[in-house]
Amino acid sequence: MPTTAYNPFENAQAQFDNVAEYLKLDEGMRELLRQPMVEMHFAIPVKMDDGSTKVFRAFRFRHNDARGPAKGGIRFHPHETADTVRALSMWMTWKCAVVDIPLGGGKGGVICDPHNLSRSEQERLCRGYVRQLYKQMGPNSDVPAPDVMTNAQHMLWMMDEYETIAGGRYPGMITGKPVGMGGSLGRTEATGFGVIFVLKDLLRCLDIPIESTSASLQGFGNVAEYTARMFTELGGKVIAVSCWNQSDKTAYTFKKADGCDIPQLVEIKDSFGSIDKEKALALGYEVLPGDAWLSQDVDILIPAALENQITPAVFPNISEKVKILCEAANGPTTPDCDELIKNRGIMLLPDFLTNAGGVTCSYFEQVQCNMNYFWDKTEVLEKLEYSMTKAFRAVYELSKEKNLYMRDAAYIIAINRVADAVRLRGWA
């Protein structure tokens, strides 16, 4: 589905403006919170394997750090835009606030396609990114993490470059690192599991057994994989999975009416989340168009890929059976679709609450690095479930008390917390 018709930063600002009006924020506060406080645009020259030099455009934005150091991933994507990174930095501020961790919002990106870069070229790109940003990064100022098409190895290269320049050990300057090199157990599963911790508690509130539910997902990267794994382990049934196919540059939906075997699909996907079409056909999956995930007769839709996927143009394709829209991706629903969701009576779990498990576990990793003491996986996941459930219940109870759409309730809690920190610091 196309994403170019909508500007994600304008979407993020529109969502903020609606809640700012509800909260009666003054003009100074609105102006401060509706845009990043710091924007860095820069070029990274990289010596390629063939001896040539290629220059990559890159970004790092800090939206707001009133509640703590900026936190946010670094994306590698051939179609990355400054406005996408702006929006994501803003959403990170609300995400950290809604789960009540002492961090602010940041985001980074590099315009590149890692599929077309060798391992050594990717390493030089990562090190170049840090060299350009060294003075603006650090455990007490801005802490990056993996995001779209970046991984633990990329983070480790970045940490190593930072430590080389700084002349010391600073594992808390970046998160999402390999376990044993400052990474946290449970981080791999954290975002996807966090999605299900929130969904599970919503189903409990609605008195719907998870074993009786079915779902359709968009995406099959890390977040979607672990969302699907836990959902099926708890007894739910995933009917369809849609993902991008790198070999022929198009998206497909892989469907099994009696339920997808998630570990089986994991076995036939690549490191970027592309499922092998021929192998899926051999295993008995129907291969449908990429947008077919949206029209399945399921109880729950879980967009776990890119922004701007659920728009008024495609909303009529959503089955009348759908009861819950569980946003695992960042900004998958456009603001002009919210009224349609409300009118249909679909319960919405907003993105910056639902997918906050990743940043919550990143915070746990940072805490462990700074203490130089690491928890076992059970402890990490127990703390994660506690944090996600506590955040969900606060949002759900406010939505019920004030008869609010869940997205609005989550924004009210998050924006109030950030605005309070801004006032206490005397910034506005």
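This passage walks through the sheets, helices, cores and a few individual residues of a predicted model.

A good place to start is the sheet of 5 strands. This sheet is open, its strands run in the order β1-β2-β4-β3-β5, and the pairing is mixed. At its edges stand β1 and β5 (142-146); each has a single partner strand, so one side of each is left without a neighbour in the sheet. Going from one strand to the next, the twist averages 25°.

Two of the pairings in this sheet show what "mixed" looks like here. Strand β1 (residues 38-47) pairs with strand β2 (residues 53-64) in the antiparallel sense, over 10 bridges. Within that pair, Met40 sits opposite Arg60 of β2. The hairpin that β1 and β2 make has 5 residues between the strands, and Gly51 in this hairpin takes a positive phi near 95°. Strand β3 (residues 70-77) and strand β4 (residues 104-111), on the other hand, go together in the parallel sense, with 6 bridges. Here Lys71 has Gly105 in β4 as its bridge partner. Helix α4 (residues 119-133) lies across β1, β2, β3 and β4, and runs at about 140° to β1.

Next comes the sheet of 7 strands. This sheet is open too, with the order β9-β8-β7-β6-β10-β11-β12 and mixed pairing. Its edge strands are β9 (286-289) and β12 (347-349), each of which pairs on one side only. The twist averages 20° from one strand to the next. Among the pairs in this sheet, strand β7 (residues 237-245) and strand β8 (residues 250-255) are antiparallel over 6 bridges, and Val241 has Phe254 in β8 as its bridge partner. Towards the other end of the strand order, helix α6 (residues 187-205) lies across β10 (300-303), β11 (324-326) and β12, at about 160° to β11.

Helices also pack on one another. Two packed helices are described by the angle between their axes and the distance between the axes. For helix α1 (residues 8-23) and helix α3 (residues 82-98), the angle is about 35° and the axes are 7 Å apart. On the α1 side, the contact is made by Pro8, Phe9, Ala12, Gln13, Gln15 and Phe16, while α3 brings in Asp83, Thr84, Arg86, Ala87, Met90, Trp91 and Trp94. Sorted by type, the residues of this contact come out as 8 nonpolar, 3 polar and 2 charged.

Trp94 turns up again in the interior. The largest nonpolar core has 89 residues, and those touching the most other members are Leu33, Trp94, Leu199, Ile275, Ile324 and Leu349. Helix α14 (residues 406-425) gives the most to this core, with 12 residues. Leaving aside residues up to four places away in sequence, Trp94 touches Phe16, Leu33, His63, Phe352, Tyr411, Ala414, Ile415 and Val418. Another core lies apart from the largest one; this core has 27 residues, including Leu117, Cys126, Leu156 and Tyr162.

What about disulfides? A disulfide is a covalent bond between the sulfur atoms of two cysteines. With a cut-off of 2.5 Å between sulfurs, the count is 0 disulfides. Cys361 is in none, and the nearest cysteine sulfur, that of Cys369, is 11 Å away. Seen from the other side, the closest cysteine sulfur to that of Cys369 is the one in Cys361, and 11 Å is too far for a bond. Both residues sit out of reach of the surface probe to a good extent: Cys361 counts as buried at 0% relative accessibility, and Cys369 counts as buried at 8%.

Finally, a couple of backbone oddities deserve a look. Most residues other than glycine have a negative phi, and most peptide bonds are trans. Lys24 goes the other way, with a positive phi of about 60° although it is not a glycine. Lys24 lies in the loop between α1 and α2 (27-33), and is exposed, with a relative accessible area of 61%. Asp100, likewise a residue other than glycine, has a positive phi near 60°. Asp100 is found in the loop between α3 and β4, where its 41% relative accessibility makes it count as partly exposed.

Methods:
Residues numbered from 1 in each chain as written. Predicted model: local features only at pLDDT ≥ 70, side-chain atom pairs only at ≥ 80, totals over all residues. Heavy atoms only, no water. Pairing = 2+ DSSP bridges. Helix = DSSP H or I, 4+ residues; strand = E, 2+ residues; numbered from the N terminus. Axes fitted to C-alpha atoms, helices over the stretch in contact; angles between N-to-C directions. Contact = heavy atoms within 4.5 Å. Buried < 20%, exposed > 50% of the residue type's maximum accessible area, 1.4 Å probe, protein only. Nonpolar A, V, L, I, M, F, W, Y, C, P; charged D, E, K, R; others polar. Core = buried A, V, L, I, M, F, W, Y, C linked by side-chain atoms within 4.5 Å.
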